[in-house]
Amino acid sequence: MKAAVFSYPPHVEVNEVESPRPAKGEVLVKVKAAALCGTDLRIARRGHSVIAQDEKRILGHEVVGEVVELGEGVVGLKEGMLVAVAPNFGCGKCVMCAQGLTHHCPESKALGITFDGGFAEYLLVPENAVRQGNVFPLPEGADPVKLSFVEALACVVHGFLPLRVSFRDKVLIYGAGAIGLMFLELSKLSGAKKVWMVDLSEERLKIAEEHGAVGILAEEGVKGKVDSPDVVVVAAPAPRAQMEAIEVASLFGRINFFGGLPPQVREVPIATNLIHYKELVVTGTTRSNNFYFRIALDLLLEGQLDLSYLVTHVLPLEDIEQGLSLMETQGALKVVIVP
Ligand SMILES: [Zn+2]
Ligand SMILES: [Zn+2]
């Protein structure tokens, strides 16, 4: 089969590789759509600490496809079924897994990072992932491209729920990429009074404004332009935005540092007295698990959210490098690979 294979020095190459066959408990999925995400770009350009120097890995962890073969003993799934595959799974036994927090299992694994992923014609889902319910059946006729980014939405739901956004809230979001726009849509769905979005790109702010946000150019700063946001999301790798979030948040403000910072940024000076005197709640979230995946999938399947405008490019597997470049230059929101 054809697959986009990562190896060191960091690069991705489309090659012919051996097609996997499902062993006991495993499931083979024919990939219908796999979305590119910032993590794929980071791995493709800089590598990943869990991928050894002599290892190769098929990237891609946001995958929708069709079940084509079941390993011995798999129940609840059928050949021909359309499925979305959640990438994170754990050992299934530790105290984190017991709470469904498989993404914090000390043995946590992820398709497209520690196991081969979905930028290929076929994806093999390992036994532990199948057993933990990572293969989610979809209704017949569901659109793989429109559902491919459900995993990214699951991460956003994970970040969004603890912020408890309601009709009483004004929301400020740093970063108007696909992730920031998902936070915008969830804020609107929850009845937020007003949403401001900050970005470096005028083009991205235009899209945000078309979808109901008030755009603010990052270089102009937000002071004087926002009015005591109750909720602040930092979905951009920007230390300054983290500092500013604390400064502009209202009394009792809730803040989520959603985006990680580059590893060379070890510390960010933050006015902790503002956390104290304004009684702020500052949180961070990372990745997702099957709980948030289920919620995100239902939001899309039940039509509560229409995020199809996020898919700006659909490309064949051969053009994955073009997709990575588009993300790098911010020429795309969501790129979906259809092998
Ligand atoms: Zn991702
Ligand atoms: Zn575990």
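How are the donor residues of the zinc ion (ligand 2) spaced in sequence? They follow the pattern C-x2-C-x2-C-x7-C. Keep in mind that this is a predicted model.

Let's stay with that zinc ion (ligand 2) for a moment. Its site is tetrahedral, with angles of 106 to 115 degrees among the 4 donor atoms. Two of the donors come from distant parts of the chain: Cys94 sits in the loop between β7 (88–89) and α2 (95–98), while Cys105 sits in the loop between α2 and β8 (109–110), 11 residues apart from Cys94. Cys94 and Cys105 are both buried.

There's another zinc ion, ligand 1, and here's how the two sites line up:

| Metal | Protein donors | Distance |
|---|---|---|
| Zinc ion (ligand 1) | Cys37 (SG), His61 (NE2) | 2.1 to 2.3 Å |
| Zinc ion (ligand 2) | Cys91 (SG), Cys94 (SG), Cys97 (SG), Cys105 (SG) | 2.3 to 2.4 Å |

For ligand 1, the donor pair again ties together distant parts of the chain: Cys37 is in the loop between β3 (27–35) and α1 (38–46), and His61, 24 residues apart from Cys37, is in the loop between β4 and β5 (62–70). Are these two donors, Cys37 and His61, buried or exposed? Both are buried.

Now for the strands. An open sheet of 3 strands runs in the order β2-β1-β4, with antiparallel pairing. Its edge strands are β2 (11–16) and β4 (57–58), each pairing on one side only. Between β1 (residues 2–7) and β4 there are 2 bridges, and these strands run antiparallel. Looking at individual residues, Phe6 has Arg57 in β4 as its bridge partner.

How values were computed. Residues are numbered from 1 along each chain as its sequence is written. Chains are lettered from A and ligands numbered from 1 in the order in which they are written. This is a predicted model: local features need pLDDT of at least 70, side-chain atom pairs count only at pLDDT 80 or more; totals for chains, interfaces and linings use all residues. Side-chain values use heavy atoms; hydrogens and water are left out. Two strands pair if DSSP finds at least two bridges between them. Helices (H or I, at least four residues) and strands (E, at least two) are DSSP runs, numbered from the N terminus. Donors are N, O and S atoms within 2.8 Å of the metal (3.2 Å for Na, K and Ca); water is not among the atoms, so sites may look incomplete. Buried means under 20% relative accessible area, exposed over 50%, partly exposed in between (1.4 Å probe, protein chains only). Four donors count as tetrahedral if all angles lie between 85 and 135 degrees; four count as square planar and six as octahedral if opposite donors are over 155 degrees apart and all others between 65 and 115; anything else is irregular.
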